[in-house]
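Me: I've got a structure open and I'd like to go through the labels people put on it. Can you take my questions and show the reasoning behind each answer?

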Amino acid sequence: MDRRDLRVWMAALALVLLAGCGGGGAGETQGPPESPTVVSLDTLGPDGGRVRGLGGAVVDVPEGALDAEVTIRIAADSTGAPPLPAGMRTAGLLYEITPHGWRFDRPVTVRVPAPEAAAARGDSYVLLHAEPGGTWTTRAFDDRDDGMLAAEVETLGWFTVGVVRRAQA
């Protein structure tokens, strides 16, 4: 990697880090957040593998989930995402993980970072998933000790962390 490539990667990383530093409520936004487009991609086949996004998202594809080579792309990009449900806020980036419409032969695991600010206030998280032309749905998830929310899915699309406010007494 030459110096120019290194500078491009560092600039992209800086954009991702700055995206989480917006004003208002510990990085929370209403509506799909304005995410810079930062792309990571890899081509996986029947042996499976892992794709890591620059913003922290990960897609784990188990062996046998693909019967041919497919390029999986992770972008911190809200372009084309449906509007969030009324009253829902997000924490962190909104990830577009493609190819849209691809159905895996076995579930794959999508992992996204869960910002710690909501947990510190006693709020809770939901992992939101949407497909093109659809609406956001809440996915069952594992709350991992490593600060990631993980869900098994059969299709890709947009993923983000939603914040559910703690009820005020």
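Me: Which residue stands opposite Gly162 in β12?

Reply: That's Thr90. Bear in mind that this is a predicted model. Thr90 belongs to the pairing of β6 (89-98) with β12, where the two strands run antiparallel and six bridges join them.

Me: What makes β6 and β12 count as paired strands?

Reply: The cut-off is at least two bridges found by DSSP. β6 and β12 have six, so they pass.

Me: Which strand is joined to β12 by seven bridges?

Reply: β8 is, and that pair also runs antiparallel. Within it, Leu127 has Val161 of β12 as its bridge partner.

Me: Why is β12 described as largely enclosed?

Reply: Buried means under 20% relative accessible area, and seven of the eight residues of β12 are buried, so the rest of the structure largely encloses the strand.

Me: And how many residues of β11 are buried?

Reply: Six of eight, so β11 is largely enclosed as well. Its antiparallel pairing with β7 has seven bridges, and one of the matches there puts Val108 with Val153 of β11.

Me: What does the overall layout look like in terms of helices and strands?

Reply: There are two helices and twelve strands. Going along the sequence, the order is α-β-β-β-β-β-β-β-α-β-β-β-β-β. The protein has 169 residues, of which 41% count as buried. It exposes about 9000 Å², with carbon and sulfur atoms supplying 52% of that.

Me: How do you know that contacts reach across the sequence?

Reply: Take the contacts between residues at least 6 apart in sequence: 70% of them join residues at least 24 apart.

Me: What makes a group of residues a nonpolar core, and how many residues does the largest have here?

Reply: The members have to be buried residues of the nonpolar kinds, joined through side-chain atoms within 4.5 Å. The largest such set here has 27 residues, and Val61, Ile72, Ile97 and Val112 have the most contacts inside it. Strands supplying at least two residues each include β4 (58-61), β5 (70-76), β7 (103-113) and β11 (148-155). There's also a second, separate core of nine residues, with Leu84, Leu94, Ala130 and Trp158 among them.

Me: Which residues does Ile72 touch?

Reply: Leaving out residues up to four places away in sequence, its contacts include Leu41, Leu44, Val51, Val59, Val61, Ile97, Phe104 and Leu156. Ser40, Asp42, Thr98 and Pro99 are on the list too.

Me: Why is the pairing of Asp60 and Arg50 called a salt bridge?

Reply: The rule asks for a side-chain nitrogen of Lys or Arg within 4 Å of a carboxyl oxygen of Asp or Glu. Asp60 and Arg50 come to 2.5 Å, N to O, so the pair qualifies. Asp60 lies in strand β4 and Arg50 in strand β3 (residues 49-52), so the pair ties together parts that are ten residues apart in sequence.

Me: How many salt bridges does that rule give?

Reply: Three. Another one is Arg73 with Glu96, at 3.5 Å, N to O. Arg73 is in strand β5 and Glu96 in strand β6, 23 residues apart. Then there's Arg103 with Glu154 at 3.0 Å, linking strand β7 to strand β11 across 51 residues.

Me: Are Arg73 and Glu96 buried or partly exposed?

Reply: Glu96 has 10% relative accessibility, under the 20% cut-off, so Glu96 counts as buried. Arg73, at 22%, is partly exposed.

Me: What makes Arg103 exposed, and what is Glu154?

Reply: Exposed means over 50%, and Arg103 has a relative accessible area of 53%, so the label fits. Glu154 is at 39%, which makes this residue partly exposed.

Me: Where is Gly134, and how far is Gly134 from Ala81?

Reply: Gly134 is in the loop between β8 and β9 (137-139). Gly134 and Ala81 are 53 residues apart in sequence but 9.0 Å apart in space, C-alpha to C-alpha. With a relative accessible area of 28%, Gly134 is partly exposed.

Methods
Residues are numbered from 1 along each chain as its sequence is written. This is a predicted model: local features need pLDDT of at least 70, side-chain atom pairs count only at pLDDT 80 or more; totals for chains, interfaces and linings use all residues. Side-chain values use heavy atoms; hydrogens and water are left out. Buried means under 20% relative accessible area, exposed over 50%, partly exposed in between (1.4 Å probe, protein chains only). Helices (H or I, at least four residues) and strands (E, at least two) are DSSP runs, numbered from the N terminus. Contact means heavy atoms within 4.5 Å. Accessible areas come from the Shrake-Rupley method with a 1.4 Å probe; for residues, only the protein chains shown count as cover.
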